[in-house]
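Visitor: I would like to learn how to read a model of this kind, feature by feature. Could you take me through one, giving the general idea before each case?

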Amino acid sequence: MSRLDRAAAFKRAAAVLRENDRGAYTIPTKGLYPFQWNWDSCLTALGLRHLDENRAWQEVETLLDHQWPDGMVPHIVFHVDDDGYFPGPGVWRTGRPVPTSGITQPPVLAYVMKRLHDEAGDRALARRKAQALLAKADAWHRWFYACRDPKDTGLVAIIHPWESGRDNSIDWDEAMMRVPTDGVEPYERRDTRHVDSAQRPHKADYDRFLWLLQRFRGLGWDNARLHDASPFKVVDPGFNAILIRSDSDLADLAQTLGEPEIAARARERVAKARAAFETLWSDAFGQYLCLDRVSNQLIDSPSIGGLLPVFAGLGDGARQRSIAARIEAWRKRTRFGVASHDPADRRFESKRYWRGPAWIIVNMLIADGLRRCNLADAAAKVEAGSLALIEESGFAEYYDPISGEGLGGGQFTWTAAMVAELVKRAA
Ligand code: GLC
């Protein structure tokens with residue numbers, strides 16, 4: 001991309017961010033996702049800071065205003081009524097003052113906080129804002145290990161595919177077969193009103209998503225009970241890597257800001273998680289795999305979740321290089337990397353939600369990780385691939401990695417935020 005093109009791309013990205021700005025939070029896209037989403041907002045803050053640093057902090061502050069008393073930060077905050085989305089607050093019924101969903105999402109928060117702080121233009125503002133949020137981030141991370149790792153293994157499980165952020169991944173198929181569908185209340189999906197159903201989950205998957213929701217609701221959203229009561233419990237290497245990276249960033253940030261106790265707690269969690277993590281490695285696939293916590297078996301599904309551990313610098317040099325080689329091999333089979341699932345796997349679908357399509361935000365996390373692992377060339381290729389997708393198809397929710405076609409929602413916030421990031425970094 002030439003300098004001029006970069007300036008034009010930034011302008012377009014800024015326009016998308018402004019269009020989806022609702023004052024104190026940003027919606028992912030109009031129509032399909034009309035509320036605040038957890039990891040969308042955090043990653044969006046990384047782009048927003050190039051427009052207005054105060055507004056970037058506000059994005060995460062608003063999310064944290066809706067943290068639960070037990071420490072959980074919910075995956076959706078329903079700031080307004082909008083029946084264009086299902087399941088809405090009337091289905092979740094979590095009893096929060098401002099309605100929220102009852103599950104969580106990948107904790108990129110502390111990673112984002114550290115970057116907002118360390119790379120700030122306004123140092124005093126950043127110090128003040130970060131300081132005020134440290135205890136909340138720590139409470140969320142403590143909640144993870146208390147409620148999603150009750151046996152103290154060092155790794156947390158997700159109890160609903162929507163918690164992974166990779167909602168419809170092939171990773172969940174086997175474990176989801178254990179989830180019944182009887183007793184699911186009648187419902188009408190709204191996602192397929194906005195997006196071609198070929199790019200969205202099947203009805204059988206949706207029934208199971210809702211069965212889990214109803215089960216948790218039946219237990220009054222009591223997080224002390226949900227983990228053990230869920231027939232779906234998966235240890236996702238991508239999710240855990242994000243938590244480990246965020247916890248280690250939280251430790252550094254807390255140390256810098258004079259909160260040694262928070263730093264010490266976070267370091268202890270990181271050490272324990274790192275010691276447990278390598279059990280997720282598969283020599284056969286040359287990458288990490290999910291662990292089904294019910295059957296205690298690794299799940300044969302080579303997805304992007306198993307490449308994300310580079311984000312936390314997990315594994316030794318040989319494992320990190322093996323992941324870089326996987327990315328290269330996947331890229332050879334597609335025109336636009338990085339696919340969300342191994343394109344050589346027979347279950348790969350290039351257009352269906354998380355079962356093949358490329359997502360710019362995941363690319364960014366992977367590139368950040370590769371750089372951290374001293375694999376800068378590989379990182380640069382992933383970033384160039386992201387920009388190529390934008391040039392080809394604009395700011396889509398996700399992309400067909402073979403054709404480059406934009407899929408899902410359009411004018412998508414976190415895609416735009418990542419473009420703002422990429423363009424500013426290269427400037
Ligand atoms: C989809 C994605 C999820 C994201 C949400 C809003 O549900 O799978 O990761 O947070 O959309 O963009």
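Guide: What follows is a walk through the ligand site, some buried residues, two helices and a few backbone features. Please keep in mind that this is a predicted model.

Visitor: Let us begin with the ligand, then: how many residues surround the ligand, and which are the closest?

Guide: One starts by listing the residues around the molecule, and here there are 13 of them, the closest being Asp40, Gly165, Asp167, Tyr353 and Trp354. As for the site itself, the ligand sits in the largest cavity.

Visitor: Which polar side-chain atoms should I look at around the ligand?

Guide: The idea is to look for N or O atoms of a side chain that lie within 3.5 Å of such an atom in the ligand. In the side chain of Asp40, an N or O atom is 2.6 Å from an oxygen atom of the ligand, while for Tyr353 the corresponding distance to a ligand oxygen is 2.8 Å, and for a polar side-chain atom of Trp39 it is 3.0 Å. Taken on its own, the ligand has 310 Å² of accessible area, and the protein covers 98% of this.

Visitor: Where do Trp39 and Asp40 belong, and is their helix covered or open?

Guide: To judge a helix, one counts its buried residues, where buried means under 20% relative accessible area. Trp39 and Asp40 are among the buried residues of α2, a helix spanning residues 38-48 in which 11 of 11 residues are buried.

Visitor: What of helix α5: why is it described as largely enclosed?

Guide: The same count applies: α5 covers residues 109-118, and because 9 of its 10 residues are buried, it is largely enclosed by the rest of the structure. The buried residues include Tyr111, Lys114, Arg115 and His117. Among the elements that cover them are α2, α3, α6, α11, α14 and α16.

Visitor: How should I read a single buried residue, such as Gln287, and what does its side chain meet?

Guide: One takes its accessibility first and its contacts afterwards. Gln287, in strand β5, counts as buried because its relative accessibility is 0%. Its side chain makes a polar contact of 2.9 Å with the side chain of Arg326, and beyond its sequence neighbours Gln287 is also in contact with residues including Pro302, Ser303 and Leu307.

Visitor: Where does Leu307 lie, and which residues does Leu307 touch?

Guide: Leu307 lies in the loop between β7 and α13, and its relative accessibility of 0% makes it count as buried. Apart from residues up to four places away in sequence, Leu307 touches Gln287, Ile323, Arg326, Ile327, Trp330 and Ile366. Leu307 and Ile327 are 20 residues apart in sequence, with their C-alpha atoms 8.0 Å apart in space.

Visitor: Finally, which backbone features deserve a look?

Guide: Two kinds are worth checking, namely the omega angle of peptide bonds and the sign of phi. The bond from Phe86 to Pro87 is cis, with omega near 0°, and Pro87 is in the loop between β2 and α4. Another cis bond joins Gly337 and Val338, with omega about -10°, and Val338 is in the loop between α13 and α14. As for phi, Trp354 has a positive value of about 65° although it is not a glycine; this residue, in the loop between α13 and α14, is buried at 2% relative accessible area. Asp152, in the loop between α6 and α7, is likewise a non-glycine residue with a positive phi of about 65°.

Notes: Residues numbered from 1 in each chain as written. Predicted model: local features only at pLDDT ≥ 70, side-chain atom pairs only at ≥ 80, totals over all residues. Heavy atoms only, no water. Buried < 20%, exposed > 50% of the residue type's maximum accessible area, 1.4 Å probe, protein only. Helix = DSSP H or I, 4+ residues; strand = E, 2+ residues; numbered from the N terminus. Near = heavy atom within 4 Å. Polar contact = N/O pair within 3.5 Å; in protein donor to acceptor, adjacent residues only side chain to side chain. Areas by Shrake-Rupley, 256 points an atom, 1.4 Å probe, with all protein chains shown as cover. 1 Å grid on protein atoms, 1.4 Å probe; cavity = no way out; pocket = protein on both sides within 12 Å on 5 of 7 lines; lining within 4 Å. Sits in = over half its atoms within 2 Å of the grid points. Contact = heavy atoms within 4.5 Å.
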